[in-house]
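Q: I am new to this structure and would like a close look at a single part of it. Please keep the answer plain and connected.

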Amino acid sequence: MLRDVLSPQLVTTDLHGNTKREIIESLVSLIEKSGKLKDRALALKDVLSHEEENSTGMEHGIAIPHAKSDAVDELVACVGVSKQKIEFACLDRKPAHIFVMTL
């Protein structure tokens, strides 16, 4: 369950970034600040690699970037809301502003 891996320190309503990559970097930073990330570079590489293969942009302004990664010891999730709408190759062809990342 998402509530089992999500804590207030892993949620922000002020996610920074103007591009897909910058949003992913900000989400990884959020996880890093929580102390649950062993290797930032590996986490970023894994999420970006997965995103290149298959966009995780859904519909209704939501994107769910994720990856399996050895950068964490257990499932970690974070949620970020951007004040800007970000092009994320969503299924409905509209930009996203709510992001849920899992590693």
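Which residues are buried in α3?

A: In this predicted model, the buried residues of α3 are Ala43, Leu44, Asp46, Val47, Leu48 and Glu51. The cover over these residues includes α2 and β4.

To place α3, it helps to start with the chain. Three helices and four strands make up its elements, and read from the N terminus they come in the order α-β-α-α-β-β-β. The helix α3 covers residues 40-53. It has 14 residues, and the distance from its first C-alpha to its last is 20 Å, close to the 20 Å expected at 1.5 Å a residue.

The helix α2, part of the cover of α3, deserves a description of its own. It runs over residues 20-33. Like α3, it is described by its length and span: α2 has 14 residues and reaches 20 Å between its first and last C-alpha, close to the 20 Å expected at 1.5 Å a residue. Its buried residues are Ile23, Ile24, Ser26, Leu27, Val28, Leu30 and Ile31. Among the elements that cover them are β1 (11-15), α3, β3 (77-86) and β4 (96-102). The covering therefore goes both ways, because α2 is listed among the cover of α3 and α3 among the cover of α2, with contact taken as heavy atoms within 4.5 Å. After α2 comes Gly35, which has a positive phi, near 85°.

One residue of α2 can be followed in detail. Glu22 belongs to this helix. Glu22 counts as partly exposed because its relative accessibility is 34%, and partly exposed lies between the limits of 20% for buried and 50% for exposed. Leaving aside residues up to four places away in sequence, Glu22 touches His16 and Gly17. The C-alpha atom of Glu22 is 17 Å from that of Ala67, a residue 45 positions away along the chain.

On the other side of α3 in the sequence, the loop between α3 and β2 (62-63) holds His60. The phi of His60 is near 60°, a positive value in a residue other than glycine. Most residues other than glycine have a negative phi. His60 is exposed, because its relative accessible area is 68%. Another loop, between β3 and β4, contains Ala89. Ala89 also is not a glycine, and its phi is positive at about 55°. With 42% relative accessibility, Ala89 counts as partly exposed.

The chain as a whole gives the setting for these parts. Of its 103 residues, 42% are buried. Among contacts with a separation of 6 or more, 65% join residues 24 or more positions apart. The radius of gyration is 12 Å, which agrees with the value near 13 Å for a compact globule of 103 residues. Along the principal axes, the C-alpha trace spans about 35 × 30 × 25 Å. The exposed area is about 6000 Å², and carbon and sulfur atoms supply 52% of it. There are 13 positive and 16 negative side chains, with the centres of the two sets 4 Å apart.

Methods
Residues numbered from 1 in each chain as written. Predicted model: local features only at pLDDT ≥ 70, side-chain atom pairs only at ≥ 80, totals over all residues. Heavy atoms only, no water. Helix = DSSP H or I, 4+ residues; strand = E, 2+ residues; numbered from the N terminus. Buried < 20%, exposed > 50% of the residue type's maximum accessible area, 1.4 Å probe, protein only. Rg over C-alpha atoms; globule rule 2.2 N^0.38 Å. Areas by Shrake-Rupley, 256 points an atom, 1.4 Å probe, with all protein chains shown as cover. Lys, Arg positive; Asp, Glu negative; His and termini not counted. Charge placed at Lys NZ, Arg CZ, Asp CG, Glu CD. Expected span 1.5 Å × (residues − 1).
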